[in-house]
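Trainee: I should like to learn how to read the features of a structural model in an orderly way. May we go through one together?

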Amino acid sequence: QVQLVESGGGLVQTGGSLRLSCAATGRTFSTFVMGWFRQAPGKEREFVAAIRWNGGSTSYADSVKGRFTISRDNAKNTVYLQMNSLKPEDTAVYYCAADTTISFPIRTTYYGEYNYWGQGTQVTVSS
């Protein structure tokens with residue numbers, strides 16, 4: 001049973017930084033694609049970033065390129081999302097997602113491709 005647990009959300013001022021963590025348990029994740037999505041009130045869930053566990057290839061939404069970095073720690077089975085230069089429009093609940101059958105990078109932006117999800121962590125950026 002795959003379990004994903006996010007942490008690291010909080011309240012930060014515009015221009016600040018946060019690092020989100022996603023601890024993954026229950027499987028060997030070497031064949032997985034791990035993704036971060038976010039959902040703001042009244043909006044659809046949107047893709048933020050993804051990483052292929054084996055090899056570390058990454059993919060980003062245009063809105064976060066150059067500001068966010070996704071990475072993974074193999075020893076800890078943990079995926080990170082380092083968020084810098086945060087803006088009020090980054091305010092959302094951030095979700096970690098995973099699956100093994102996603103075509104990278106073409107299908108990584110589609111939340112329907114991911115079968116495993118964490119509970120989400122709130123990120124609020126004040127202006």
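Trainee: Which residue of β10 is the bridge partner of A97?

Mentor: Please bear in mind that this is a predicted model. Strands of a sheet pair through backbone hydrogen bonds, either parallel or antiparallel. Here, A97 has W117 of β10 as its bridge partner. The strand β10 comprises residues 116-117 and pairs with β9 in the antiparallel sense, over two bridges.

Trainee: Which residue does A97 face in β4, and how many bridges do β4 and β9 share?

Mentor: The partner of A97 in that pairing is G35. Seven bridges join β4 and β9, again in the antiparallel sense. A further antiparallel pairing links β9 to β11, residues 121-126, through three bridges. Within that pairing, A92 stands opposite V123.

Trainee: How many of the eight residues of β9 are buried?

Mentor: Seven of the eight are buried, so β9 is largely enclosed by the rest of the structure. One of the β9 residues, C96, has a relative accessibility of 0% and counts as buried.

Trainee: To which residue is C96 joined by a disulfide?

Mentor: C96 is joined to C22, with an S to S distance of 2.0 Å. The link is left-handed, with -75° about the S-S bond. C22 belongs to strand β3 (residues 18-25) and C96 to strand β9 (residues 92-99), so the disulfide ties together parts that are 74 residues apart in sequence. C22 is also buried, its relative accessible area being 0%. The structure holds one disulfide.

Trainee: In what order do the strands of the open sheet lie?

Mentor: The order is β1-β3-β8-β7, four strands with antiparallel pairing. At the edges are β1 (3-7) and β7 (68-73), each of which pairs on one side only. On average, neighbouring strands of this sheet are turned by 15° against each other, direction ignored.

Trainee: How many bridges join β7 to β8, and which residue stands opposite T69?

Mentor: β7 and β8 (residues 78-83) run antiparallel and are joined by six bridges. T69 stands opposite Q82 of β8.

Trainee: Let us turn to nonpolar residues. Which residues have the most contacts inside the largest nonpolar core?

Mentor: The general idea is this: in soluble globular proteins, nonpolar side chains tend to be buried together. In this model, the largest nonpolar core has 38 residues, and M34, W36, L81, M83 and Y94 have the most contacts inside it. At least two residues of this core come from each of β3, β4, β5 (46-52), β7, β8, β9 and β11.

Trainee: With which residues is Y94 in contact, leaving aside its neighbours within four places in sequence?

Mentor: Its contacts include W36, L81 and M83. Also among them are E6, L20, F37, R38, V48 and F68. G120, T121 and V123 are likewise in contact with Y94.

Trainee: R38 appears among the contacts of Y94. With which side chains does R38 meet in a salt bridge?

Mentor: To read such a link, one looks for a side-chain nitrogen of Lys or Arg within 4 Å of a carboxyl oxygen of Asp or Glu. R38 meets E46 at 2.6 Å, N to O. R38 also meets D90, with an N to O distance of 2.9 Å. R38 lies in β4 (residues 33-39) and D90 in the loop between β8 and β9, so this second pair ties together parts that are 52 residues apart in sequence.

Trainee: Are these residues buried or exposed?

Mentor: R38 counts as buried at 5% relative accessibility, and D90 counts as buried at 0%. E46 is partly exposed, with a relative accessible area of 36%.

Trainee: Which residues are linked in a network of salt bridges?

Mentor: The network links R38, E46, R67 and D90. The structure holds five salt bridges. Another of its salt bridges pairs the side chains of K65 and D62 at 3.3 Å, N to O. D62 counts as exposed, at 65% relative accessibility.

Key: Residues numbered from 1 in each chain as written. Predicted model: local features only at pLDDT ≥ 70, side-chain atom pairs only at ≥ 80, totals over all residues. Heavy atoms only, no water. Pairing = 2+ DSSP bridges. Axes fitted to C-alpha atoms, helices over the stretch in contact; angles between N-to-C directions. Disulfide = S-S within 2.5 Å. Buried < 20%, exposed > 50% of the residue type's maximum accessible area, 1.4 Å probe, protein only. Core = buried A, V, L, I, M, F, W, Y, C linked by side-chain atoms within 4.5 Å. Contact = heavy atoms within 4.5 Å.
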